[in-house]
Amino acid sequence: NQVEGGTITVKQGDNTVTSGSKVKNGEEITITVKESTGNQLYELLVNGTNVYDEYITNHSYTTTVTSATTISAVYGDPICKLTYDKSFYLSKNSTQT
């Protein structure tokens, strides 16, 4: 289902579950997210619980349906990661200790 910032896909086995579809109690669903260009996923909420860390680790989130389930995502601008390389320079008259 397209939401602002990306697309949330929900599958039950090989079948895609669309918004409003019924899933039997006790069945597993798997959620994946594809960000739109220029967006980054910050939170993935399932019934109000942020499952982002598990989603990022596994590139999907699987849960067992036990009641009506609400899935939402929070997107934003991509975060730029900066790697700092601590380097130093020696003058020709100094020594490294």
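**The E5–E6 hairpin and its surroundings**

Asn 47 is placed in the loop between E5 and E6, and in this predicted model the residue serves as a convenient point of entry to the description that follows. With a relative accessibility of 43%, Asn 47 counts as partly exposed. The hairpin formed by E5 and E6 has two residues between the strands, and within this hairpin Asn 47 takes a positive phi near 50°. Most residues other than glycine have a negative phi. Asn 47 has its positive phi although it is not a glycine. When neighbours within four places in sequence are left aside, Asn 47 is in contact with Ala 68, Thr 69 and Thr 70; in addition, the C-alpha atoms of Asn 47 and Ile 71 are separated by 6.4 Å, although these two residues stand 24 residues apart along the chain.

The strands on either side of this loop belong to an open sheet of three strands, which has the order E6-E5-E8 and antiparallel pairing. E6 and strand E8 (71-76) stand at the edges of the sheet, and because each has a single partner strand, one side of each is left without a neighbour in the sheet. Between strand E5 (residues 40-46) and E6 the antiparallel pairing extends over two bridges, whereas E5 and E8, which also run antiparallel, are joined by six bridges. As to individual positions, Leu 45 has Asn 50 in E6 as its bridge partner, and Val 46 stands opposite Thr 49, likewise in E6. Val 46 is also paired towards E8, where its bridge partner is Ile 71.

These strands form part of a chain whose secondary structure comes to one helix and eight strands, with the elements running β-β-β-β-β-β-α-β-β from the N terminus on. Of the 97 residues in the chain, 22% are buried, and the accessible surface comes to about 7,600 Å², of which 47% belongs to carbon and sulfur atoms. Among the contacts between residues at least 6 apart in sequence, 62% join residues that are at least 24 apart.

The largest nonpolar core has 15 residues, and those with the most contacts inside it are Ile 8, Ile 31, Val 33, Leu 44 and Tyr 61. At least two residues of this core are supplied by each of strand E2 (6-12), strand E4 (28-35), E5 and E8. For Leu 44, when residues up to four places away in sequence are not counted, the residues touched include two further core members named above, Ile 31 and Val 33, together with Thr 49, Asn 50, Val 51 and Tyr 52; Tyr 55, Tyr 61, Ile 71, Ser 72 and Ala 73 are also touched by Leu 44.

Val 51 is placed in the loop between strand E6 (49-50) and helix H1 (52-58). At 8% relative accessibility, Val 51 counts as buried, because the value lies under the 20% limit. Beyond residues up to four places away in sequence, Val 51 touches Leu 44, Val 46 and Tyr 61, and its C-alpha atom is separated by 7.5 Å from that of Tyr 61, which stands ten residues apart from Val 51 along the chain.

On the other side of the helix, both His 59 and Ser 60 are placed in the loop between H1 and E7, but they are assigned to opposite accessibility classes. His 59 is exposed, with a relative accessible area of 62%, whereas Ser 60, at 18% relative accessibility, counts as buried. His 59 has a positive phi of about 60° although it is not a glycine. The contacts of Ser 60, not counting residues up to four places away in sequence, are with Thr 30, Ile 31, Thr 32, Glu 54 and Tyr 55.

Thr 63 lies in strand E7 (residues 61-64), and at 18% relative accessibility this residue counts as buried. With residues up to four places away in sequence again not counted, Thr 63 touches Glu 27, Glu 28 and Ile 29.

Notes: Residues numbered from 1 in each chain as written. Predicted model: local features only at pLDDT ≥ 70, side-chain atom pairs only at ≥ 80, totals over all residues. Heavy atoms only, no water. Helix = DSSP H or I, 4+ residues; strand = E, 2+ residues; numbered from the N terminus. Buried < 20%, exposed > 50% of the residue type's maximum accessible area, 1.4 Å probe, protein only. Contact = heavy atoms within 4.5 Å. Pairing = 2+ DSSP bridges. Areas by Shrake-Rupley, 256 points an atom, 1.4 Å probe, with all protein chains shown as cover. Core = buried A, V, L, I, M, F, W, Y, C linked by side-chain atoms within 4.5 Å.
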